[in-house]
Amino acid sequence: DVCEVGSKSVPTGTVLPVKVLGILALIDGEGTETDWKVIVMNSEEADEKMINTLDDLNNAYPELLETVQKFFRVYWTPTGKPENQFAFNGEVLEKSLALEVIRYTHIAWREMINNCSISGEKFNTGNTLQGTACTIDMDTARTEVESQTGHDPVDAKLPDSVDDWSFLESSASTGSQLFGWHFVLVTFVKFLSFQTILQS
């Protein structure tokens, strides 16, 4: 996952060139694997503000990394879950490790998309662009999409939980910083070229 810490919001689905700054090692709820959170800033803003490293980010925004760490520690607590735990004492680690993790997971993904037995509701290795044994032509992809249930133009009723608000006790400074920044948590867009994602 990626946490974009720039101050400018972008529409959902935007393909955003970013500058990798660091990485946070969140431990999943089972304690069995590391859920890496890559800390990035959109490239345009990073260049404008001359932010290339975690030190640059700390100098420009002294409480921001602490706020990011706090967000990932508590964001499940309103649902009744305990606070999340971190490896490396919750420290945001340097860019060099972030790039190493990105390269490793990219290699693992490249290997995985050649396994055509992976198919289901949540993930399928079928693709139209990667040139693997699982690649299908556009006509096959279009036929599959068109075979699905059509779009219902009538909006569904919103669940009551949409309007629920949750509050966490916080000091004034940390709290204002937490809600004053716009965080974007996105999953890496796997079909983009690796070089495009990695702007260092």
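**Close-up 1. One disulfide, Cys116 to Cys134.** In this predicted model, the search turns up 1 disulfide. The two partners are Cys116 and Cys134, and their sulfur atoms sit 2.2 Å apart. If the word is new to you, a disulfide is a covalent bond between the sulfur atoms of two cysteines. Both ends of this link are found in the loop between α4 and α5, with 18 residues from one cysteine to the other. Here α4 covers 95–112 and α5 covers 138–146. Look at the twist too: the angle about the S-S bond is -105°, and the link of Cys116 and Cys134 is left-handed.

**Close-up 2. How open are the cysteines?** Which end of the link is buried, Cys116 or Cys134? It's Cys134: its relative accessibility is 7%, and buried means under 20%, so this cysteine makes the cut. Cys116 has a relative accessible area of 40%, so it is called partly exposed. While you're looking at cysteines, find Cys3 as well, which is buried with 1% relative accessibility.

**Close-up 3. Asp47 and Lys19, a salt bridge from helix to strand.** How many salt bridges does a search of the whole structure find? The total is 8, and this view picks out one of them, between the side chains of Asp47 and Lys19, at 2.8 Å from N to O. The pair ties together distant parts of the chain, 28 residues apart: Asp47 belongs to helix α1 (residues 43–48), while Lys19 belongs to strand β2 (residues 18–27). The idea behind such pairs is simple: side chains of opposite charge can pair when their charged atoms come close. Lys19 is buried at 7% relative accessibility, whereas Asp47 is partly exposed at 48%.

**Close-up 4. Glu83 and Arg73, a bridge from loop to helix.** In this salt bridge, the closest N and O atoms of Glu83 and Arg73 are 3.1 Å apart. Glu83 lies in the loop between α3 (64–74) and β4 (85–86), Arg73 lies in helix α3, and 10 residues separate the two. Are these residues buried or partly exposed? Glu83 is partly exposed, with a relative accessible area of 40%. Arg73 counts as partly exposed too, at 25%.

**Close-up 5. Lys37, Asp35 and a shared network.** Lys37 and Asp35 form another salt bridge, and their closest N and O atoms are 3.0 Å apart. Lys37 is buried, with just 2% relative accessible area, but Asp35 is partly exposed at 26%. There's one more residue to find here: salt bridges with shared partners join Asp1, Asp35 and Lys37 into one network.

**Close-up 6. Met50, with a positive phi.** Now for some backbone. Most residues other than glycine have a negative phi. Met50 isn't a glycine, yet its phi is positive, near 55°. You'll find Met50 in the loop between α1 and α2 (54–60). Is Met50 buried or exposed? It is exposed, with a relative accessible area of 65%.

**Close-up 7. Phe88, also with a positive phi.** Phe88 is another residue other than glycine with a positive phi, near 55°. Its spot is in the loop between β4 and β5 (93–94). At 46% relative accessibility, Phe88 is partly exposed. Why isn't Phe88 called exposed? Because that label needs over 50%, and Phe88 has 46%.

Technical notes. Residues numbered from 1 in each chain as written. Predicted model: local features only at pLDDT ≥ 70, side-chain atom pairs only at ≥ 80, totals over all residues. Heavy atoms only, no water. Disulfide = S-S within 2.5 Å. Helix = DSSP H or I, 4+ residues; strand = E, 2+ residues; numbered from the N terminus. Buried < 20%, exposed > 50% of the residue type's maximum accessible area, 1.4 Å probe, protein only. Salt bridge = Lys/Arg side-chain N within 4 Å of Asp/Glu carboxyl O.
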